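User: I would like a close look at a single part of this model, explained carefully enough for a first-year student to follow.

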Amino acid sequence: MSPGKPSQPELPPTSAIDRSINHAFDNWFAYPVRVQPHHTDYAGVVWHGSYIAWMEEARLECLRSIGIEYTDLIALGCDLPVVELSVRYHRSIQLGMAVLVKTRMADVTGVRINWDYAIVSTDGEELYLTAKVTLVALDRERGKIMRQLPTSVKDALAKFSELHNN
């Protein structure tokens, strides 16, 4: 810090950018995306909200891959709204690029389901974004947090966790 200049907070270094990430997300569910014009701002850079939509699409496809259809959750009277979101943008993504949205269910605590995300290049060499999302099971009819996940959802998530965390 120079004398007379106010100190500026510094972001912690992003070590993932400085080393190869090729195998960091190997066991995560992968959802491919190609950047379309409607995903970008006028400069051809992906708009920050597009990343959030891609993460949700990846999460829904990941759930579908283990037999949980969102329409089935609704039929059970269950919704899974986002209650917490943390995003770190490492590098910008440009119009026309192809990327992989990688996701995994980190853990389930009661009715809270925590997900991790990384958006990487298709060769796994570039890291564009990392994020964490927390969902909570909500009773759609009452609009209140459920006391526990529906049994079918809990069982499917437990199987998923066993497959991907061993």
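In the hairpin of β4 and β5, how many residues lie between the strands, and which residue takes a positive phi?

Analyst: This is a predicted model, in which local features need pLDDT of at least 70 and side-chain atom pairs count only at pLDDT 80 or more, while totals for chains, interfaces and linings use all residues. Residues are numbered from 1 along each chain as its sequence is written, and side-chain values use heavy atoms, with hydrogens and water left out.

The hairpin of β4 and β5 has two residues between its strands, and G110 takes a positive phi near 65°. The names come from DSSP runs numbered from the N terminus, where a helix is H or I over at least four residues and a strand is E over at least two. Two strands count as paired if DSSP finds at least two bridges between them.

Strand β5 covers residues 112-121, and ten bridges join this strand to β4 in an antiparallel arrangement; on the β5 side, A118 is the bridge partner of K102. Strand β4, residues 98-109, is also joined by six bridges to β1, residues 29-34, and these two run antiparallel as well. Here P32 stands opposite L100 of β4.

The hairpin therefore belongs to a wider arrangement, an open antiparallel sheet of five strands in the order β1-β4-β5-β6-β3. At the edges stand β1 and β3 (82-89), each with a single partner strand, so one side of each has no neighbour in the sheet. From one strand to the next the twist averages 20°. In a regular strand the side chains alternate between the two faces of the sheet.

Helix α2, residues 48-65, lies across β1, β3, β4, β5 and β6 (127-136), and runs at about 135° to β1. Contact here means heavy atoms within 4.5 Å, and the angle, on a scale from 0 to 180 degrees, is taken between N-to-C directions of axes fitted to C-alpha atoms, for helices over the stretch in contact. The 18 residues of α2 reach 27 Å from the first C-alpha to the last, close to the expected 26 Å, a span defined as 1.5 Å times one less than the number of residues.

Among the buried residues of α2 are Y51, W54, M55 and L63, where buried means under 20% relative accessible area, exposed over 50% and partly exposed in between, with a 1.4 Å probe and protein chains only. After α2 comes G67, whose phi is positive, near 95°.
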